[in-house]
Amino acid sequence: MLSRSVHLALPEERIVSDLNAIVASHPAVTFGSYPVSLPDVQTIVTLEAPADGEEALKAALAVLVSAMPQGAVVEVSESASLASTGGA
């Protein structure tokens with residue numbers, strides 16, 4: 001299983017419309033969206049794909065990151081962990 005997590009400085013309700021469109025256009029990737037209360041992070045989006053889905057995962061991640069407003073992405077991690085490492 002391949003995974004990534006995107007830590008965002010936006011509340012979940014601000015990204016739901018964009019996220020729904022991205023989810024619909026990337027059926028090979030499983031997404032999760034979690035509201036959190038961290039100092040710089042309000043939402044964590046996780047992406048998972050099977051071991052042979054690296055290109056699909058990369059494409060979905062690129063679209064997700066590019067859809068977010070400037071400064072909204074706090075961190076992209078190479079795991080689906082909900083823990084923040086505190087770095088971008």
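# A four-strand sheet and two helices

Among contacts in the protein chain between residues at least 6 apart in sequence, 68% join residues at least 24 apart; contact means heavy atoms within 4.5 Å. The model is predicted: local features need pLDDT of at least 70, side-chain atom pairs count only at pLDDT 80 or more, and totals for chains, interfaces and linings use all residues. Residues are numbered from 1 along each chain as its sequence is written, and side-chain values use heavy atoms, with hydrogens and water left out.

Start with the elements. The protein chain holds 2 helices and 4 strands. Their order from the N terminus is β-α-β-β-α-β. Helices (H or I, at least four residues) and strands (E, at least two) are DSSP runs, numbered from the N terminus. Of the 88 residues in the protein chain, 35% are buried. Buried means under 20% relative accessible area, exposed means over 50%, and partly exposed lies in between, with a 1.4 Å probe and protein chains only.

Now the sheet. It is open, has 4 strands, and follows the order β2-β3-β1-β4 with antiparallel pairing. The edge strands are β2 and β4 (73–77), each pairing on one side only. Neighbouring strands are turned by 15 degrees against each other on average, direction ignored. Strands of a sheet pair through backbone hydrogen bonds, either parallel or antiparallel. Here, two strands count as paired if DSSP finds at least two bridges between them.

Strand β3 has two partners to follow. On one side, 7 bridges join β1 to β3, and the two run antiparallel. Within this pairing, S5 stands opposite T46 in β3. On the other side, 6 bridges join β2 (residues 30–35) to β3, again antiparallel. There, F31 stands opposite L47 of β3. G32 has T46 in β3 as its bridge partner. T46 is thus a shared point: S5 faces it from β1, and G32 is bridged to it as well. Of the 7 residues of β3, 6 are buried, so this strand is largely enclosed by the rest of the structure.

A helix covers part of this sheet. α1 lies across β1, β2 and β3. Its direction is about 175 degrees to that of β2. Such axes are lines fitted to C-alpha atoms, for helices over the stretch in contact, and angles run from 0 to 180 degrees between N-to-C directions.

Next comes the interior. The largest nonpolar core has 17 residues. A nonpolar core is a set of buried Ala, Val, Leu, Ile, Met, Phe, Trp, Tyr and Cys residues joined through side-chain atoms within 4.5 Å. The residues with the most contacts inside it are I15, V29, F31, V45, L47, L64 and M68. Four elements give two or more residues to this core: β1 (2–8), α1 (12–25), β3 (43–49) and α2 (54–67). α2 gives the most, with 4 residues. In soluble globular proteins, nonpolar side chains tend to be buried together.

L47 is a good residue to select in the viewer. Leaving out residues up to four places away in sequence, L47 touches L2, S3, R4, V6, V29, T30, F31, L57, A60, L61 and L64. L47 and F31 also stand opposite each other in the β2–β3 pairing.

Polar side chains appear in the interior too. S5 and H7 both belong to strand β1. H7 counts as buried, at 0% relative accessibility. S5 is likewise buried, at 0%. Their side chains make a polar contact at 3.2 Å. A polar contact is a pair of N or O atoms within 3.5 Å; within protein, one must be able to donate a hydrogen and the other to accept it, and residues adjacent in sequence count only if both atoms are side-chain atoms. S5 also lies 5.6 Å from V45, C-alpha to C-alpha, although 40 residues separate them in sequence.

Finish at helix α2. The structure holds 1 salt bridge. It joins E54 and K58, whose closest N and O atoms are 3.3 Å apart. A salt bridge is a side-chain nitrogen of Lys or Arg within 4 Å of a carboxyl oxygen of Asp or Glu. Both residues lie in α2, 4 residues apart, about one turn of the helix. E54 is partly exposed, with a relative accessible area of 37%. K58 is partly exposed too, at 43%. E54 also links back to the start of the chain in space: E54 and S3 are 51 residues apart in sequence and 9.2 Å apart, C-alpha to C-alpha.
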